[in-house]
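Here is a round of "how do you know?" for anyone who likes to see a label checked against its cut-off. Have a look at the structure, then follow the reasoning.

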Amino acid sequence: MPEPRPPVLMRLPAAPESLSVARQVVAGVAIAAGMDGEPVEDVRIAVTEACANAARHAHAAGSAGEMELAVWIDGGLLVVAVRDDGTGLADPGDAASPSGVGFVTMRALARRVELRAGPDGGTEVVMSFEIGRDGRAPG
Amino acid sequence: MSRRGGRWPDDPVPLTIAPAEPGGTAARVRIEGELDMAGCDAFLREVRATARPGRPLEIDLRGLTFLDSTGGRALLAADRLARRAGATAVVFRARPEGSVGRVLSLFALDRVLDVQAA
């Protein structure tokens, strides 16, 4: 099991320009935790989907909103949480809705995806990924 | 262009979209770097500007280092745009590994679009 590490916290503009930064930071944490290869690619894609939805929520709210990211290790799992202060869960049919392509992608790539209303009316997504092939961190 | 270099908050998104090169029969668009929500509009503008009636269009994705579902939808839109502009064929050249291959197969884009391995 990896050494316990404090969560990595980020606050970014809920905007398209933030996506590249978000996925690189989260991928860095994943690699530091012992992940490599295709599983890291899955993390990069899923994080981008979550942040793209946050940017869509902010856009729908008509504001230059922010999103918060938290990344931490929980046993053999890499956990990524993305929270926005946008309009909340979008209508079905909207690209950022729970039935949208972004969530379908997250569900396909993460071991587990939880979606809920955030504390301030926005949306919160929590995804977890297995660090090791057997669900445990190497070493 | 370094994917690992610092570029926050003012540096541009690491995406290079090259215009068509002279010569050959196909019009070409080459895209390098990371294609997500931030770069889709610029990519589709280039496709619109490059596609020619009566000529095939080749979209070179071999230098692409990241693709998400929004980028994948932009590839579909590019295919539609180019055909509507009269392109006789739209061929995507891509390497099958990494996030690009993952998104192409996850959404069956490699079956819907004419994707040829690099």
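Q: What makes A:R11 and A:E68 a salt bridge?
A: The closest N and O atoms of A:R11 and A:E68 are 3.0 Å apart. The cut-off is a Lys or Arg side-chain nitrogen within 4 Å of an Asp or Glu carboxyl oxygen, and the pair meets it with that 3.0 Å. Keep in mind that this is a predicted model.

Q: Which parts of the chain does that pair link?
A: Distant ones: A:R11 is in strand β1 of chain A and A:E68 in strand β2 of chain A, 57 residues apart.

Q: Why is A:R11 called exposed, or buried, as the case may be?
A: Exposed it is, because its relative accessibility is 54% and the label needs over 50%.

Q: And what about A:E68, which label does its relative accessible area give?
A: A:E68 comes out at 27%. Buried would need under 20% and exposed over 50%, so A:E68 is partly exposed.

Q: What makes A:R11 and A:E66 a salt bridge too?
A: Their closest N and O atoms are 3.1 Å apart, which is within the 4 Å limit. A:R11 sits in β1 and A:E66 in β2 (residues 66-74) of chain A, so this pair ties together parts 55 residues apart in sequence. A:E66 has a relative accessible area of 36%, so it is partly exposed.

Q: Which residues do salt bridges with shared partners join into one network?
A: The network holds A:R11, A:E66, A:E68, A:R83, A:R112, A:E114, A:R116 and A:E124. Over all chains, the structure holds 20 salt bridges.

Q: How do you know that β4(A) and β5(A) pair?
A: Pairing takes at least two bridges, and six join β4 (residues 112-117) to β5 (residues 123-130), running antiparallel. Among the partners, A:R112 is matched with A:S128, and A:R116 stands opposite A:E124. The two strands form a hairpin with five residues between them, and A:G121 in the turn has a positive phi of about 90 degrees.

Q: What makes β3(A) a partner of β5(A) as well?
A: Seven bridges link β3 (residues 77-84) to β5(A), again in the antiparallel sense, against the two that pairing requires. On this side the bridge partner of A:R83 is A:E124.

Q: Why is β5(A) said to be largely enclosed by the rest of the structure?
A: Seven of its eight residues are buried, so the strand is largely enclosed.

Q: What makes A:A58 buried or exposed?
A: A:A58, in helix α2 of chain A, has 2% relative accessibility, so it counts as buried; the line is drawn at under 20%. Its C-alpha atom is 9.3 Å from that of A:P13, 45 residues apart along the chain.

Q: Why does A:D42 get the label it does, buried or exposed?
A: Its relative accessibility is 10%, so A:D42 counts as buried, the limit being under 20%. A:D42 lies in helix α2 of chain A. Leaving aside residues up to four places away in sequence, A:D42 touches A:L109, A:F129 and B:R102.

Q: How many residues does each chain bring to the contact between chain A and chain B?
A: Chain A brings 26 and chain B brings 23. Together they bury about 2000 Å², 58% of it on carbon and sulfur atoms.

Q: What makes A:R23 and B:D36 a salt bridge?
A: Their closest N and O atoms are 2.9 Å apart, and the limit is 4 Å. Across this interface the rule finds four salt bridges. The count of residue pairs in polar contact between the chains is eight.

Q: Which elements of chain A supply at least two residues each to the side that touches chain B?
A: They are β1 (8-13), α1 (19-32), α2 (38-60) and α3 (101-109). The largest share, 10 residues, comes from α2(A). By kind, the residues of that side divide into 12 nonpolar, six polar and eight charged.

Q: What is the order of elements in chain A, from the N terminus on?
A: The elements run β-α-α-β-β-α-β-β, with three helices and five strands in the chain. Of its 139 residues, 53% count as buried.

Conventions
Residues numbered from 1 in each chain as written. Chains lettered and ligands numbered in written order. Predicted model: local features only at pLDDT ≥ 70, side-chain atom pairs only at ≥ 80, totals over all residues. Heavy atoms only, no water. Helix = DSSP H or I, 4+ residues; strand = E, 2+ residues; numbered from the N terminus. Contact = heavy atoms within 4.5 Å. Buried area = accessible area lost by both parts, 1.4 Å probe. Polar contact = N/O pair within 3.5 Å; in protein donor to acceptor, adjacent residues only side chain to side chain. Nonpolar A, V, L, I, M, F, W, Y, C, P; charged D, E, K, R; others polar. Buried < 20%, exposed > 50% of the residue type's maximum accessible area, 1.4 Å probe, protein only.
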